[in-house]
Amino acid sequence: QVQLVESGGGLVQAGGSLRLSCAASRSIRVIDVMGWYRQAPGKQRELVAAISSGGSTNYADSAKGRFTISRDNAKNTIVLQMNGLKPEDTAVYYCHARWILSAYWGQGTQVTVSS
């Protein structure tokens, strides 16, 4: 089992920045992939960014050049640094972990970008 707790969401103006953190209940060194998804009202949940245990990253096209995902193994935490935020980035952001063929989700954190 892996518990995930997100923090760092909030309200920001367009062009601003936010930093989302996700703390895991166990060592993330053994977790195959961790990442961030988001879900806007009336839309499906979509991948924003992911990072493997080896450090490889994957970004949605909408996130490339603006968002950066990183992991701190010592703190069992991953971070999503979001710069140049746009109103269309408004959504609930969920931390995700894939470990031993199971998927785990955090409770979500709201990100609202005003125009």
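**Exercise 1. Find the aromatic pairs and describe how the rings meet.**

How many aromatic pairs does a search of the whole structure find? The search finds 2. Rings of Phe, Tyr and Trp (its six-membered ring) pair if their centres lie within 6.5 Å; planes under 30 degrees apart are stacked, over 60 edge-to-face, and the rest tilted.

Before going on, note the basis. This is a predicted model: local features need pLDDT of at least 70, side-chain atom pairs count only at pLDDT 80 or more, and totals for chains, interfaces and linings use all residues. Residues are numbered from 1 along each chain as its sequence is written, and side-chain values use heavy atoms, with hydrogens and water left out.

Step 1. Take Tyr37 and Trp105. Their ring centres are 5.0 Å apart and their planes stand at 70 degrees, so this pair is edge-to-face. Tyr37 is in strand E4 and Trp105 in strand E10, so the pair ties together parts 68 residues apart in sequence. Strands (E, at least two residues) and helices (H or I, at least four) are DSSP runs, numbered from the N terminus.

Step 2. Check exposure. Buried means under 20% relative accessible area, exposed over 50%, and partly exposed in between (1.4 Å probe, protein chains only). Tyr37 has 22% and is partly exposed. Trp105, at 37%, is partly exposed.

Step 3. Take Tyr94 and Trp105. Here the centres are 6.4 Å apart and the planes at 90 degrees, so this pair is edge-to-face. Tyr94 sits in strand E9, Trp105 in strand E10, 11 residues apart. Tyr94 is buried, at 14%.

Step 4. Join the results. Ring pairs link Tyr37, Tyr94 and Trp105 into a cluster.

**Exercise 2. Work out the order of the open sheet and follow its strands.**

Step 1. Two strands pair if DSSP finds at least two bridges between them. The open sheet has 4 strands in the order E1-E3-E8-E7, with antiparallel pairing.

Step 2. Which strands stand at the edges? They are E1 (4-7) and E7; each has a single partner strand, so one side of each lacks a neighbour in the sheet.

Step 3. Count bridges. E1 and E3 share 4, and Leu4 stands opposite Ala24 in E3. E7 and E8 share 6, and Ile69 faces Leu80 in E8.

Step 4. Look along E1. In a regular strand the side chains alternate between the two faces of the sheet. Leu4 and Glu6 point to one face and are buried; Val5 and Ser7 point to the other and are not.

**Exercise 3. Decide whether Arg38 is buried or exposed, and list its polar contacts.**

Step 1. Place the residue: Arg38 is in strand E4.

Step 2. Its relative accessibility is 7%, so Arg38 counts as buried.

Step 3. A polar contact is a pair of N or O atoms within 3.5 Å; within protein, one must be able to donate a hydrogen and the other to accept it, and residues adjacent in sequence count only if both atoms are side-chain atoms. The Arg38 side chain makes such a contact with the side chain of Tyr93, at 2.9 Å. A second partner is the side chain of Ser62, at 3.4 Å.
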